[in-house]
Amino acid sequence: MVRLLLWSLLCFGVAGNLLAQMPPQCPSNNYPAADLCSDICIYCNFNGYSGSSAGYTSQTPPGGFCGTIENEQWLGFIAGASSATFTVTPSNCQNGNGLQIALYSSCTSSYIACNGGSSGNGNNPVSITASLTPGVNYYLLIDGFAGDVCNFTVTVTPPTAVQAPPIAPPGAIQGPATICPGGTVTFRIPPVNGAGAYEWNAPAGWLINGQAPPVTTNAPGGNVVTVTAGPTGGQICVRPFNSCNSGNQICRTINVQPIPPTNLPQAIVCNEDAPYTLPWGQQVSTSGTYQHTY
């Protein structure tokens, strides 16, 4: 006769999101573009931007470009629609070659769309069309073809595609109501319309995606986190936001306590049926009490 005793602890985990840092809001909607992508700011309404390719230096993006880079500049915006067409119209080009443009989702990602212009393109507009995720930041690169220096204006169709959207009310936090001390579990909220990131918070001694709270996670995907409980219970909270708008914070109280053992019923095994495979995979051939901790 084999007596089975299973100790069950709710202590499982999944891969977490990388920590994120949102670029700041631009001081105004006509603030000069950044020379370095790492210095980019986010325009809350990017419609009608005007600028010049003069005075910018050359740094080829880590994610590549569909041509060569000479004097690129970077402009950030928050997507307000699921797709958009970007048209840059140059004027007063010194060398008659015009401009080239590309769209990125980060300073290190590959381009989403790219128009490398052409020699002698002069004052002709260059355009790209791309799919977007509302609430998420995107980075537009504008560069002079063969280093040309031009004035330019940017138009976007539809105009709402580059206007920061409002943050929808977040849904309820989903996850277990009770965790064992040190247990690692997943918490989530439904994706929030207009959110570019989520700020998660928890009691002292807890970890969110392996880091001490508060922790910021980027959208899409940042609505799901891996939480490791501390020694005592408390509230886990989340606030959706983007670079221009902040949403409402919601919280949920989580209890932290050891989960009692689960006693499985006795198993009776005939001698000719040995060895017996226990529920956790171990094989035994003698009577006894067996336990396993998850």
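Select E199 and R239 in this predicted model. Their side chains form a salt bridge, with an N to O distance of 3.5 Å. Side chains of opposite charge can pair when their charged atoms come close. The structure holds 1 salt bridge, and this is the place to look for it.

Now color the two strands involved. E199 belongs to strand β13, residues 197-201, while R239 sits in strand β17, so the contact ties together parts that are 40 residues apart in sequence. Check the surface around E199 too: with a relative accessible area of 26%, E199 is partly exposed.

Next, show the sheet that contains both strands. Its 5 strands run in the order β11-β18-β17-β13-β15, forming an open sheet with mixed pairing. At the edges are β11 (178-179) and β15 (215-218), each of which pairs on one side only.

Stay with β17 and select residues 234-241, then add β18, residues 250-256. These two strands pair in the antiparallel sense over 5 bridges. For one residue pair, pick G234: its bridge partner in β18 is I254.

Last, turn to the second largest pocket. To find it, select T133 and P134, then P191, V192, N193, G194, A195 and Y198, and finally A219, P220, G221 and N223. These residues line the pocket, which holds about 150 Å³ of space. Which classes of residue make up the lining of the second largest pocket? There are 7 nonpolar and 5 polar residues, and no charged ones.

Technical notes
Residues are numbered from 1 along each chain as its sequence is written. This is a predicted model: local features need pLDDT of at least 70, side-chain atom pairs count only at pLDDT 80 or more; totals for chains, interfaces and linings use all residues. Side-chain values use heavy atoms; hydrogens and water are left out. Two strands pair if DSSP finds at least two bridges between them. Helices (H or I, at least four residues) and strands (E, at least two) are DSSP runs, numbered from the N terminus. On a 1 Å grid over the protein atoms alone, a cavity is a set of points where a 1.4 Å probe fits but cannot get out, and a pocket is an open set with protein on both sides within 12 Å along at least five of seven lines; lining residues have an atom within 4 Å of a point. Grid points are joined across faces, edges and corners, and a volume is the space filled by probe spheres set on the points. Ala, Val, Leu, Ile, Met, Phe, Trp, Tyr, Cys and Pro count as nonpolar, Asp, Glu, Lys and Arg as charged, and the others, Gly among them, as polar. A salt bridge is a side-chain nitrogen of Lys or Arg within 4 Å of a carboxyl oxygen of Asp or Glu. Buried means under 20% relative accessible area, exposed over 50%, partly exposed in between (1.4 Å probe, protein chains only).
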